[in-house]
Amino acid sequence: MQSVNEYYSAVQLRTDRWSSLRESLGTLARNPDARGSVGLRKRIVQLFDALTVIEPYWAFPGMAAFDMLRRQFDHGHLEAAAFATHRITRALTSGAYRRRHIPLERDLADSEDHEDEALLSPEARALSKPYFEVLIVDDVNEQQERWLKANMTRMRRPEDPFIYEPVVVPSVEDALIAVLFNHNIQAIVVRPGLSLKSRTELAILKRYLNRAGGAEGIETLSPEDYGPETCRLIARVRPELDAYLITDRSVEDIAGHDLGICRRVFYNQEDFLELHLNILRGVQSRYKTPFFTALVNYSKQPTGVFHAMPISRGKSITRSHWIQDMGAFYGPNIFLAETSATSGGLDSLLEPHGPIKESQELASRAFGSRQTFFATNGTSTCNKIVVQALVHPGDIVLVDRDCHKSHHYGMVLAGAQVVYLDSYPLNEYSMYGAVPLREIKHQLLALKAAGKLDRVRMLLLTNCTFDGIVYNVERVIEECLAIKPDLIFLWDEAWFAFARFGPTYRQRTAMNAANNLRERLKSPEQAKAWEKQQAKMKDADDETILKTRLVAPPHARVRIYATQSTHKTLTALRQGSMIHVNDQDFKGQVEQSFHEAYMTHTSTSPNYQIIASLDVGRRQVELEGFEFVQRQVEAAMSMRRAISTHPLLQKYFKVLTAGDMIPTEFRESGVESYYSADQGWTDIWECWEKDEFVLDATRVTVAVGGTGWDGDTFKTQILMDKYGIQINKTSRNTVLFMTNIGTTRSSVAYLIEVLVEIARSLDDLHDDASKMERLSFERRVKSLVEDLPPLPDFSRFHDAFRADQVTAEGDIRSAFFLAYDEDNCDYLDLTGALRTALESGREVVSASFIIPYPPGFPILVPGQVVSREILAFMLALDVNEIHGYRPDLGLRVFTDEALARLDRKGLADAAE
Ligand SMILES: Cc1ncc(COP(=O)(O)O)c(C=O)c1O
């Protein structure tokens, strides 16, 4: 039996304990007197003991059934116990307990076997009532517990849209453990009799308390505050849940409390029907999908199509002789739902007033924004919309240089003066990390010293980065606001939509930071802290400011935007994205320009299927986002553990840890890795709370240099061609395995099998290799692991595109359009003309974006001076794909004449 310490997740521990119990009881029941049965019995007792601590947090099979099972075993009814355990494990795996009662006695079970889950059609499954569990927090005895449960289940009515089962736990701490462990819980009923401390001793469960922020300070509470405190603490970790507080205190007493997620307070009542109806209504408000439902209803209506959309209702397909296969493949519904109608119950994405508006409002609630806008053409478009809405021509924008290309094009379109920020390089793996806060503050201070702070409009960062580096969002915002109190932030969360639904991850999302800051900036403590710091730092020099953790002033404005590719990490059709806004000045200053920008970039024929999928994706995350994200993290953690502890895999592969991808100075917690063979799991909560950067564990970067293949070859020729495994990203010597909310333990197991097979084949190859072959392999590995060109920093914009030489901002738009005229451009080949030009001291300026893939970020942008480091990097890169570069012609650069003309024009403009 794996020890508890080896488990990252209590959910996996539970599943494994149940299947071990099933196996052991099965073996014993088949042959109770076999040799070794004494050991087996002992093991079964251990498993029962382990499950006794876990099961009180779950409704199925429930403690009554569990105790009965144990009694059957204790009394030697082995067959009955084995049978019941088999049924329980099967129901837990298939989820059958969600749909029907599971009889555990053989006689009853046999008569119901025709209802076997495997035989259930997808339609029947879809039509069964969704199931959830309701947590009741009350320190009651067994008899009272039975009474409570019976009262709750007695309220069921045939017309109820959902079905639920109650789970009873005694204390505030148990409630916190339960909501973080049992993902079936959707509602919590907090009763006056609850106690404070959990009696559980299981470390893996106690770990959940750290995740709830340690629940510090609760010891000092008086018992009548336990109830309100439970609602408040749960709100911090599971804000999407509903709580109902039953109290015997007066209305006035309760009114002063922060009740977190409490939807309703019942004053000393036992009105179970009212409670039941409220619980159902609460879940219904998350379940409803206004646009999806409207689209389904629309598709059922008979309509005549007299508009330009022959595919609508499948008409052009059903009558076709040649494209019937398309109809057969997609089925009729997708075409019945294809329409351009904006009435008849539907709505217009460009001017939403009906179900799209309502769906966006629900998404806003789910993601913690003030306004949310759907986009049907990806985050590439969302980024351009936000930038255009907020940036005026000439505004200064700070941008991380290795951000997605949509931002660079956005800067061109908006006419921004761009200050590119350098991320810390990871030369060893040929990839970038993220932008250190020091670098951001340094640029802001330089702009301040030059008297340009009033023109600085926006900071734009990618969180998390493609490789999974995650910023300390709240800290970055706060420290920047301390220098520039009205700065606007655009966080590109293309890869981070899921983060809101994991309590640890949520802390580092833009919307969470925005909401925290809004609260915090209003508090008297913040005002005091700011005044104190102001007094202390009155004459501070830049170095002191850079070293100090700055406090934002109370008058700072919270102006935060996030763009998310919902389709990348949650359920949505491709291109389904969202813009989340949390800007105190949106209504007064931005709404109109946002609308214009939205119109600029949004198609007038948005795809309804995408919008509907965003609506349903939102429903999913509000009801099971927590479960799915938890499973995803679990899968990623098992993958990390499996690769890093497998003796054969260690020879050729290395899973990069936080320690490998984040330099020590950015890891204040000192946490190097989330798992180590000798220390087991590190609780990531602490580093996620503190460190400047953390690693998103769901993105597993594996160094493959030891195999002798570069990242791209490993991806295409080995993983893809031989094993059908798809991945997105590689660097020169790494590949990135991304897990997602659909990743299962078995898909992880398959990947591990494949890696083991690859490692074995490499071992075989080496066994038979000649001396020459071995030498050549070693050389290849060395070149991949050691001979890596250092990643170049952003050099600078050429003076022709800069206002002065004091600060770094450059006019990327002028450079971009200057290159439209071929006469302004020339081509220099890298090893000949370009090298000679640089050696002779000529300033060579790029006329295009040059984006080698990998690593996939621009090493040159229009108007940027080509440095020797950049040339060296380009020459050392042995990648096939360099976007913007024409190997037959060379690097596209501006002619000296074009630059000189621009310089003269600049001088003339300045003279005017
Ligand atoms: C950081 C980042 N932002 C934006 C995008 C563009 O998103 P979409 O594919 O939804 O247009 C990507 C795409 O990979 C990305 O990596």
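Start by selecting Ala375 and Ser577: Ser577, in strand 15, is the bridge partner of Ala375. Keep in mind as you click around that this is a predicted model.

Now widen the selection to strand 6 and strand 15 (residues 577–583). The two run antiparallel, joined by 5 bridges. Next, bring in the rest of the sheet. It's an open one with 8 strands, and its order is 6-15-14-13-11-7-8-22, with mixed pairing. Look at the edges: strand 6 (371–375) and strand 22 (810–811) each have a single partner strand, so one side of each is left without a neighbour in the sheet.

Time for the helices. Select residues 473–483, which make up helix 21. This helix packs on the sheet and touches strand 11 (456–462), strand 13 (488–492) and strand 14 (559–564). Compare directions and you'll get about 155 degrees between helix 21 and strand 13. Then pick helix 28 (residues 608–645), lying across strand 6 and strand 15; its direction is at about 140 degrees to strand 6.

Stay with residues 608–645, the span of helix 28, and show side chains. Zoom in on Phe626: Arg238 lies over the face of its ring, 3.8 Å from the ring centre. Another stop is Arg619, whose charged end sits over the ring of Tyr287, at 3.8 Å from the centre of that ring.

Now colour the aromatics. There are 42 aromatic pairs in the whole structure. Try Phe48 and Phe73: the ring centres are 5.6 Å apart and the planes sit at 40 degrees, so this pair is tilted. Phe48 belongs to helix 2 (residues 37–54) and Phe73 to helix 3 (residues 63–74), so you're looking at a link between parts of the chain 25 residues apart. Switch to a surface view: are these two buried or exposed? Phe48 is buried, with 0% relative accessible area, and Phe73 is buried too, at 7%.

For the last stop, select Tyr409 and Phe849. They make an edge-to-face pair, 5.1 Å centre to centre with 65 degrees between the planes. Tyr409 is in helix 19 (residues 405–414), while Phe849 is in the loop between helix 36 (830–839) and strand 24 (851–853), so the pair ties together parts 440 residues apart in sequence. Tyr409 is partly exposed at 33% relative accessibility, whereas Phe849 is buried at 6%. Finally, add Phe816, Phe817 and Tyr820 to the selection: ring pairs link these three with Tyr409 and Phe849 into a cluster.

Methods
Residues are numbered from 1 along each chain as its sequence is written. This is a predicted model: local features need pLDDT of at least 70, side-chain atom pairs count only at pLDDT 80 or more; totals for chains, interfaces and linings use all residues. Side-chain values use heavy atoms; hydrogens and water are left out. Two strands pair if DSSP finds at least two bridges between them. Helices (H or I, at least four residues) and strands (E, at least two) are DSSP runs, numbered from the N terminus. Contact means heavy atoms within 4.5 Å. Axes are lines fitted to C-alpha atoms, for helices over the stretch in contact, and angles run from 0 to 180 degrees between N-to-C directions. Rings of Phe, Tyr and Trp (its six-membered ring) pair if their centres lie within 6.5 Å; planes under 30 degrees apart count as stacked, over 60 as edge-to-face and the rest as tilted. Buried means under 20% relative accessible area, exposed over 50%, partly exposed in between (1.4 Å probe, protein chains only). A charge sits over a ring if NZ of Lys or CZ of Arg is within 6 Å of the ring centre and within 35 degrees of the ring normal.
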